[in-house]
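Student: I should like to learn how to read strand pairing, disulfides and surface exposure in a model. Could we work through one together?

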Amino acid sequence: MGIECGGELVLHSLTDAVSVTSPGYPNRPVLHELICDFVVRGPLNAGLQVTFAQERWEMCQPNQTYLEIYEGGTDLAPLLKTLCLPTDYEDAVLISSHVTLLRYVVRSLPAGQVGAAKFYATIRADNCNREVIVGLRRMSQLQLPYAKAPPHTAQLTRCSLHLKSFLNYRIRLNITSIYLAGNSCTAGDVISFYNSPLETVSFRQVCAPKNQSGGTNYGVVSMRNELFISYTRNNYYEESRAIRSGKFDVGIKFDVIATYESKTIEIVMTVL
């Protein structure tokens with residue numbers, strides 16, 4: 001679904017997707033001064049992700065044709081990113097808010113210049129980069145998913161989950177299934193564990209290739225009352241038939257609970 005120049009679109013569930021484009025896409029728009037404001041709202045418990053069709057053979061005009069993406073529904077919200085159009089930006093733009101403003105701007109070009117300020121953006125709900133409070137009494141089942149982009153658009157290459165609990169509690173998780181595509185830590189999917197999102201060096205990594213389900217005997221215990229888990233795809237652009245068919249979800253599924261600990265405890269790992 002799409003709209004021509006400005007308006008509001010709503011994602012009612014985590015599986016919904018909407019598209020916004022420059023007027024008349026895929027043709028080049030009429031290059032007169034123009035501003036189109038697209039507001040996209042997702043489910044309250046989710047963020048948003050934006051991916052773009054790749055216009056690799058077109059040249060953009062900096063400060064003349066661009067798209068502004070805001071971390072909220074108005075231009076009073078923080079400006080997250082400005083992309084020159086047409087764009088060859090390959091990563092997904094991740095928005096922590098459930099609502100965003102995409103502002104499409106065309107300024108008048110100098111005489112004799114020809115622009116091509118077209119774009120095609122797909123916006124989805126993002127249940128990937130989230131913060132979750134871990135319960136104390138009952139095991140929760142969570143997933144660090146990999147949201148695949150449709151053909152000819154940018155791939156989502158990173159994803160994170162920040163688990164938090166109460167003071168003096170530790171987070172215990174057991175991975176029940178894992179599927180990582182690729183060949184190695186430098187050419188494939190990687191799951192990294194950190195004691196907090198502020199740390200830059202992980203205390204453990206699990207790298208492709210991995211394919212286990214129905215229980216992995218792989219456990220992690222945090223050193224404090226939080227645990228930050230990240231998914232990244234490094235220098236790997238192939239998708240197996242199993243992934244494309246939906247037979248496997250790239251990433252990990254796990255059970256997690258918070259338990260009271262009066263002492264510092266060790267990280268418990270079972271190497272796959």
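Tutor: Let us begin with pairing: two strands pair if DSSP finds at least two bridges between them. The model shown here is predicted.

Student: How many bridges join strand E2 to E9, and in which sense do the two run?

Tutor: Five bridges join strand E2, residues 17–21, to E9, and the two run antiparallel. One of the facing pairs is Ser-19 with its bridge partner Thr-122 in E9.

Student: Which other strand is joined to E9, and by how many bridges?

Tutor: Strand E4, residues 47–52, is joined to E9 by six bridges, again in an antiparallel arrangement. Here the bridge partner of Thr-51 is Thr-122 in E9. Thr-122 thus serves as a partner to Ser-19 of the one pairing and to Thr-51 of the other.

Student: Is E9 mostly covered or mostly open to solvent?

Tutor: The cut-off to keep in mind is that buried means under 20% relative accessible area. Strand E9, residues 120–126, is mostly covered, with six of its seven residues buried.

Student: In what order do the strands of this sheet lie?

Tutor: The order is E2-E9-E4-E7, an open sheet of four strands with antiparallel pairing. E2 and strand E7 (93–95) are at the edges; each has a single partner strand, so one side of each is left without a neighbour in the sheet. Neighbouring strands in this sheet are turned against each other by 25° on average, direction ignored. At the E7 end, E4 and E7 pair over three bridges in the antiparallel sense, and Val-50 stands opposite Val-93 in E7.

Student: What is the order of strands in the sheet that contains E10 and E15?

Tutor: Five strands make up that open sheet, in the order E10-E12-E18-E14-E15, and the pairing is mixed. Strand E10 (130–133) and strand E15 (204–207) occupy the edges with a single partner strand each, so one side of each has no neighbour in the sheet. From one strand to the next, the twist averages 15°.

Student: How many bridges does the pairing of E12 with E18 have?

Tutor: Strand E12 (residues 158–164) and strand E18 (residues 226–234) pair over seven bridges in the antiparallel sense. Within this pairing, Arg-158 stands opposite Thr-232 in E18.

Student: Let us turn to the disulfides. How many does the structure hold?

Tutor: The structure holds two disulfides. To read such a link, one may consider its sulfur atoms, its handedness and the parts of the chain that it ties together. One disulfide joins Cys-5 to Cys-36, with an S to S distance of 1.7 Å. The link of Cys-5 and Cys-36 is left-handed, with -90° about the S-S bond. Cys-5 lies in the segment before strand E1 (7–10) and Cys-36 in strand E3 (residues 34–41), so the pair ties together parts 31 residues apart in sequence.

Student: Which of these two cysteines is buried?

Tutor: Cys-36 counts as buried, at 1% relative accessibility. Cys-5 is partly exposed, with a relative accessible area of 33%.

Student: What can be said of the disulfide of Cys-185 and Cys-207?

Tutor: The sulfur atoms of Cys-185 and Cys-207 are 1.7 Å apart. Their link is right-handed, with 85° about the S-S bond. Cys-185 lies in the loop between strand E13 (169–180) and strand E14 (188–194), and Cys-207 in strand E15, so the pair ties together parts 22 residues apart in sequence. Cys-185 is partly exposed, at a relative accessible area of 33%, whereas Cys-207 counts as buried at 12% relative accessibility.

Student: Which residues make the nonpolar surface patch?

Tutor: Ile-133, Leu-136 and Phe-166 make a nonpolar surface patch of about 280 Å². Ile-133 is placed in strand E10, which is an edge strand of the five-stranded sheet. The cut-off for exposed is over 50% relative accessible area, and Ile-133 counts as exposed at 54% relative accessibility.

Student: Is Ser-177 buried or exposed?

Tutor: Ser-177 lies in strand E13 and counts as buried at 16% relative accessibility. A separation in sequence can also be set beside a distance in space: Ser-177 and Gln-143 are 34 residues apart along the chain, and their C-alpha atoms are separated by 9.4 Å.

Methods. Residues numbered from 1 in each chain as written. Predicted model: local features only at pLDDT ≥ 70, side-chain atom pairs only at ≥ 80, totals over all residues. Heavy atoms only, no water. Axes fitted to C-alpha atoms, helices over the stretch in contact; angles between N-to-C directions. Disulfide = S-S within 2.5 Å. Buried < 20%, exposed > 50% of the residue type's maximum accessible area, 1.4 Å probe, protein only. Patch = residues over 30% accessible without salt bridge, like charges linked within 9 Å, V, L, I, M, F, W, Y side chains within 5 Å. Areas by Shrake-Rupley, 256 points an atom, 1.4 Å probe, with all protein chains shown as cover. Salt bridge = Lys/Arg side-chain N within 4 Å of Asp/Glu carboxyl O.
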